[in-house]
Number of protein chains: 2
Amino acid sequence: MNPEVLLSRIRVVLCRTSHPGNIGAAARAMKTMGLSNLYLVEPKQFPDPEADARATSAVDILQRATVTSSLKEALVGTSFVVALSARQRDIGPPISAPRETVARLIAEAGQGEVALVFGNETVGLSNEEILNCHAAVTIPTNPDFSSLNLGSAVQVLCYECRMGAYAELPPLLEQGVTPFSSPPATHDEVEGLYSHLEAVMTNTGFYNPEQPGRLLPKLRRLFARARLERDEVNILRGILASTQVRTGHGRKG
Amino acid sequence: MNPEVLLSRIRVVLCRTSHPGNIGAAARAMKTMGLSNLYLVEPKQFPDPEADARATSAVDILQRATVTSSLKEALVGTSFVVALSARQRDIGPPISAPRETVARLIAEAGQGEVALVFGNETVGLSNEEILNCHAAVTIPTNPDFSSLNLGSAVQVLCYECRMGAYAELPPLLEQGVTPFSSPPATHDEVEGLYSHLEAVMTNTGFYNPEQPGRLLPKLRRLFARARLERDEVNILRGILASTQVRTGHGRKG
């Protein structure tokens, strides 16, 4: 597939960015590497002259940026999401190296929209946010000084995206394709499944929202690993709906 | 050779830098990637508070920086020199891609001191300067917007240096393990899940054994892809059992 098309399918999502200058630097970094879709989740200050100044001639990216009030909203329509994370969490996808994961991101971009997600400069991403992601990467740094600027982190990953898009792509996604596979489920379709699952489990008493524990994160981790297809989401929701009809808690499917 | 030693042999040489902020950003970029030897050839303004501000906790690199009045002076003692150049010159070494050239730089660092040379923000390197270099690299950029910030260019090449220096080492990060992962489910445990699922789906009427279609193969394909863990099988079976209790078709869990 045309590398420019692949790059055009990558969203850069900045969550709760504190410094508008970093938003501008990210826009410039994106544009130098041929990316153009910027999403801003609850930016502290935007638009802002400092963002425009740091963006230089990439202000068009700022002007077309989509501002949302949640990460989920920014991910609507995406089917593969990579988070930048400075450390392994108790929860969420395992941390991997940028190059391999970006290769996968590019391969996934051949199928649909994808996203690279960056947290706040100081606190990073919340656990809830990172559970929306299928993979997590850490940019290898000096263990004694790992303070990579947000703009620099965006630069490095966008550079890897460009290198990956223009590299000869190994047929990563050819593996495991069966004749009856369907397109990847979008983020919102998978979220719909989680909500449905939660409702059924709450109804049957298997899940107690007062004492949530790690049940939902564990289910998210499992299904994120599986990279659900659209048909599969429909099947799983069909099973859930059928149990609701019997228990009388759901509508007739 | 120890990657830290290799990185310690790489000089970053900034020639006639106009903006002190870029010198600070370069220092920070270097330190995050484990480089520490900064040389400044005729900087327009240095030292400078703006350089310190942008360096954040990498000010030690600024304090130890060597200021020289010519590139030749900055290269004394080096045996391999790579220039960053935005375009092929009539003169000077041929332009190559960063990754291959940095691999060579790292190999040369095994023999002695090496350098990465960056020109002025606007005019780059002079022809005379570039003739001091053994190789030249261009960072691949969007042809419509190739305006890579100096700090970003230093970041990308220092990142490639770190990746190159650590390339021959086994991966630092354990793949695929999160702290609450459990052992993989055995074949029979997974089969138990499938039987359970089939029983529930048959009971609710979602699945008709007389007309099986591809429902079971599709579910098997999904869960095989996920490589289920033992805990996950238990959770999924717990959910199934809880729906059975309600429908009165199962035993009390």
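A:Glu42 is partly exposed, because 16 other C-beta atoms lie within 10 Å, which is short of the 20 or more needed to count as buried. This residue sits in the loop between β2 and α3 of chain A, and its phi is positive, about 45 degrees, although it is not a glycine. Bear in mind that the model is predicted. From that loop, the notes below move on to the overall build of chain A, its two domains, and how chains A and B meet.

**Backbone oddities**

- As a reminder, most residues other than glycine have a negative phi, and most peptide bonds are trans.
- A:Glu42 goes against the phi part of that, with its positive value of about 45 degrees.
- A:Thr56 also has a positive phi of about 45 degrees, and it isn't a glycine either.
- You'll find A:Thr56 in the loop between α3 and α4 (59-63) of chain A.
- A:Thr56 is partly exposed, since 15 other C-beta atoms lie within 10 Å.
- The peptide bond from A:Phe46 to A:Pro47 is cis, with omega near -5 degrees.
- A:Pro47 belongs to the loop between β2 (37-41) and α3 (49-55) of chain A, and A:Glu42 is placed in the loop between β2 and α3 too.
- In chain B, the bond from B:Phe46 to B:Pro47 is cis, again with omega near -5 degrees.
- B:Pro47 is likewise in a loop, the one between β2 (37-41) and α3 (49-55) of chain B.

**Chain A overall**

- Chain A is built from eleven helices and seven strands.
- How does its radius of gyration fit a compact globule of 253 residues? The rule puts such a globule near 18 Å and chain A has 19 Å, so the two agree.
- Along the principal axes, the C-alpha atoms of chain A fill a box of roughly 60 × 45 × 35 Å.
- Of the 253 residues in chain A, 51% are buried.
- Take the contacts in chain A between residues at least 6 apart in sequence: 84% of them join residues at least 24 apart.

**Two domains in chain A**

- The domain assignment splits chain A into domain 1 (3-173) and domain 2 (187-247).
- Their C-alpha centres lie 28 Å apart.
- Where the two domains of chain A touch, domain 1 puts in ten residues and domain 2 puts in seven.
- On the domain 1 side of that contact, six residues are nonpolar, three are polar and one is charged.

**Where chains A and B meet**

- Chain B brings 54 residues to the contact between the chains, and chain A brings 56.
- Which elements of chain B give two or more residues to the side that touches chain A? They are α2 (20-32), α8 (150-165), α9 (187-204), α10 (215-226) and α11 (230-247) of chain B.
- The biggest giver on that side is α11(B), with ten residues.
- Sorted by class, the chain B side has 24 nonpolar, 20 polar and ten charged residues.

**The α10 pair across the chains**

- Helix α10 (residues 215-226) of chain A packs against α10(B) at an angle of about 100 degrees, with the axes 7 Å apart.
- That angle falls in the range from 65 to 115 degrees, so α10(A) is roughly perpendicular to α10(B).
- From α10(A) the contact uses A:Leu222, A:Arg225 and A:Ala226, and from α10(B) it uses B:Leu222, B:Arg225 and B:Ala226.
- By class, the residues of this contact come out as four nonpolar, no polar and two charged.

**Two residues of α11 in chain A**

- A:Glu232 is in helix α11 (residues 230-247) of chain A.
- Is A:Glu232 buried or exposed? With 25 other C-beta atoms within 10 Å, A:Glu232 is buried.
- Setting aside neighbours within four places in sequence, A:Glu232 is in contact with B:Lys218 and B:Leu222.
- Within chain A, the C-alpha atoms of A:Glu232 and A:Val190 are separated by 9.8 Å, and the two residues are 42 apart along the chain.
- A:Ile235 lies in helix α11 of chain A as well.
- A:Ile235 is partly exposed, because its count of other C-beta atoms within 10 Å is 19 and buried takes 20 or more.
- Not counting residues up to four places away in sequence, A:Ile235 touches B:Leu215, B:Lys218 and B:Leu219.
- A:Ile235 and A:Val114 are 24 Å apart, C-alpha to C-alpha, and 121 residues apart in sequence.

How values were computed:
Residues are numbered from 1 along each chain as its sequence is written. Chains are lettered from A and ligands numbered from 1 in the order in which they are written. This is a predicted model: local features need pLDDT of at least 70, side-chain atom pairs count only at pLDDT 80 or more; totals for chains, interfaces and linings use all residues. Domain bounds come from an automatic or database domain assignment. Ala, Val, Leu, Ile, Met, Phe, Trp, Tyr, Cys and Pro count as nonpolar, Asp, Glu, Lys and Arg as charged, and the others, Gly among them, as polar. Helices (H or I, at least four residues) and strands (E, at least two) are DSSP runs, numbered from the N terminus. A residue is buried if 20 or more other C-beta atoms lie within 10 Å of its own, exposed if 12 or fewer, and partly exposed in between; C-beta atoms are placed from the backbone. Axes are lines fitted to C-alpha atoms, for helices over the stretch in contact, and angles run from 0 to 180 degrees between N-to-C directions. Angles under 35 degrees count as roughly parallel, over 145 as roughly antiparallel, 65 to 115 as roughly perpendicular and the rest as oblique. The radius of gyration is taken over C-alpha atoms; the globule rule is 2.2 Å times the number of residues to the power 0.38.
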